[in-house]
Amino acid sequence: MEYWEKEIETMPRNGLRFLQLARLNTTLEAAVRSSYYGGLAKRDRSFRTRVGEVAELQDFPFTTKQDLRDHFPYGFLSLPTKEIIRLHSSSGTTGNPTVIYHNRHDIASWANLMARSLFCAGVRDTDVFQNIVGYGLFTGGLGFQYGIERLGALSIPAGAGNSLRQIKLMRDYGTTAIHAIPSYLGRLLEVFREEGLDPRTDTSLRMLVIGAEPHTEEQRQRIQEMYGVKAFNSFGLSEMNGPGVAFECEFQQGLHIWEDAYVVEIIDPATLEPVPDGEYGELVMTTLDREANPLIRYRTRDITRIIPGECPCGRTHRRIDRITGRSDDMFIIKGCNIFPMQIEGVLLRVPEVGDDYRITIDTVAGQDDMIVEVEVKKEWFRGDLQFLDALQKRITRLIRDEVLVSPVVRLVEPGSIPKAEGKAVRVFDKRIR
Ligand code: ADP
Ligand code: ZN
């Protein structure tokens, strides 16, 4: 087995705990230099600058996205602005922006985590790596860029969109690996087909990295079939740098979360108490290697679990399961809690279902309805009304069995659901409240 940093990646758990403790104390001292944590430490005695054990973090208050927004733009900054060399701000999918600042050390540390992540998934310095996501404030662009360069592969900073050009770049330079958001790869495949090309035979691709948005195992399987190569899951969020937080290794059995750089907790979002390993809850993270903008017990709102047991790759950093959604993605209809990924899982197990779907919740005649629009593959979307009617009934039944609410299913033509610019938006809640 090859590693980017063997000593750290395979460090025995108790060694890792010592390293975490030392870094945590350094981080807490840095944190109180910010006006937010400085003020908090004065008000709230549970916030200390020295702990004897990492587990003592559980007495500390949480930091939330709302805290970041309320103290925008400088409240969490721990260093004079002169020391800062870059900022990233989140895409604001769910509200006002938040900002994270980095000094030279932070950028180098992030680039190294990213290189380690890519190496862990199997990228090598002999690869030609095309990064098909937006550059700029979105962390997926520069985050990957610095990691690919640190690793020493040939980087193609392609940016998002313009599928024809993406395909040309792939073919001109013999791209062997790409990074893209999963919802884009279906569209890209359509363009391959329109050009009479098949990525399985007409490119040199040997692997894909997919991430930045929730997707199901079913969607991963479809992507792997379409491109004929393995697709590795990449997880991160701007508040924790961006990509390079957790990544799949070659075994694709969960994502190693880098515990030399983060303290990881999974809590019950209702009681805020820790849940046992193996159970789902909200991911809470503390930075351990960031100087400009440390965050303590940050509530990511992402729902996942720790996968119990050891990974055959020998890395000792624990694995999280794929994110099933954000706690704020969940919607409640007719008393049932539903995550969009549950519906995606059902839909993508139906072979006739195409690339896209959209969920709208609306009040019709005083009653809440869940309308699921589903694209049907071209070869099935023909004049055979009897067939489409049976398909519609089948999908309705499958969704109802999964989420216990009967949906209104509408089968639509392939390509007819409008695409979001960046990350896919799956749910539109039009209810009158
Ligand atoms: P925004 O919060 O505006 O979308 P970010 O770019 O910081 O901005 O997005 C981070 C979020 O994207 C994560 O908190 C998570 O919800 C989602 N995400 C990132 N990577 C993955 C992944 N591999 N699987 C599922 N969700 C992901
Ligand atoms: Zn592994």
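The following paragraphs describe a predicted model, from its zinc site to its helices, sheets and unusual backbone angles.

Residues are numbered from 1 along each chain as its sequence is written, while chains are lettered from A and ligands numbered from 1 in the order in which they are written. Because the model is predicted, local features need pLDDT of at least 70 and side-chain atom pairs count only at pLDDT 80 or more, whereas totals for chains, interfaces and linings use all residues; side-chain values use heavy atoms, with hydrogens and water left out.

The zinc site is a good place to begin. Cys249 (SG), His256 (NE2), Cys311 (SG) and Cys313 (SG) coordinate the zinc ion (ligand 2) at 2.1 to 2.3 Å. Donors here are N, O and S atoms within 2.8 Å of the metal (3.2 Å for Na, K and Ca), and sites may look incomplete since water is not among the atoms. Along the sequence, the donor residues follow the spacing C-x6-H-x54-C-x1-C. The four donor atoms subtend angles of 100 to 119° around the zinc ion, so the arrangement is tetrahedral (for four donors, all angles between 85 and 135 degrees). For comparison, the ideal angle for four tetrahedral donors is 109.5 degrees. Cysteine 249 counts as buried because its relative accessibility is 0%, and histidine 256 is likewise buried at 0%; buried means under 20% relative accessible area, exposed over 50%, and partly exposed in between (1.4 Å probe, protein chains only).

Helices and strands are DSSP runs numbered from the N terminus, with helices (H or I) of at least four residues and strands (E) of at least two. Helix α6 (residues 139-151) has 13 residues, which at 1.5 Å a residue should span 18 Å, and its end C-alpha atoms are indeed 18 Å apart; the expected span is 1.5 Å times one less than the number of residues. Its buried residues are Thr139, Gly140, Gly141, Gly143, Phe144, Gln145, Gly147, Ile148 and Leu151. After α6 comes glycine 152, with a positive phi near 100°. Helix α10 (residues 217-227) buries Gln219, Arg220, Arg222, Ile223, Gln224, Met226 and Tyr227, and glycine 228, just after α10, takes a positive phi of about 70°.

Two residues of helix α6 reappear around histidine 179, which sits in strand β5 (residues 177-180). Histidine 179 is buried, with a relative accessible area of 2%. Beyond neighbours within four places in sequence, histidine 179 is in contact (heavy atoms within 4.5 Å) with Phe129, Gln130, Asn131, Ile132, Val133, Gly140, Phe144 and Val209. The side chains of histidine 179 and asparagine 131 are joined by a polar contact of 2.7 Å. Such a contact is a pair of N or O atoms within 3.5 Å; within protein, one must be able to donate a hydrogen and the other to accept it, and residues adjacent in sequence count only if both atoms are side-chain atoms.

Turning to the strands, pairing requires at least two bridges found by DSSP. Strand β18 (residues 353-364) pairs with β19 in the antiparallel sense over nine bridges, with arginine 358 bridged to glutamate 373 of β19. These two strands form a hairpin with two residues between them, and alanine 365 in the turn has a positive phi of about 50°. β19 also joins strand β20 (residues 408-412) through five bridges, in parallel; here glutamate 375 has valine 412 of β20 as its bridge partner. Strand β19 (residues 367-376) is mostly covered, with eight of its 10 residues buried. A separate description applies to the open sheet of four strands with the order β10-β11-β12-β15 and antiparallel pairing. Its edge strands, β10 (262-267) and β15 (325-326), each pair on one side only.

Some backbone angles also deserve mention. Most residues other than glycine have a negative phi, and most peptide bonds are trans. Alanine 212, in the loop between β6 and α10, has a positive phi of about 80° and is partly exposed, with a relative accessible area of 29%. Arginine 297, in the loop between β11 and β12 (298-304), has a positive phi of about 50° and counts as buried at 3% relative accessibility. Finally, a cis peptide bond with omega of about 5° joins phenylalanine 72 and proline 73, and proline 73 is found in the loop between α4 (65-70) and β1 (84-89).

Methods: Four donors count as tetrahedral if all angles lie between 85 and 135 degrees; four count as square planar and six as octahedral if opposite donors are over 155 degrees apart and all others between 65 and 115; anything else is irregular.
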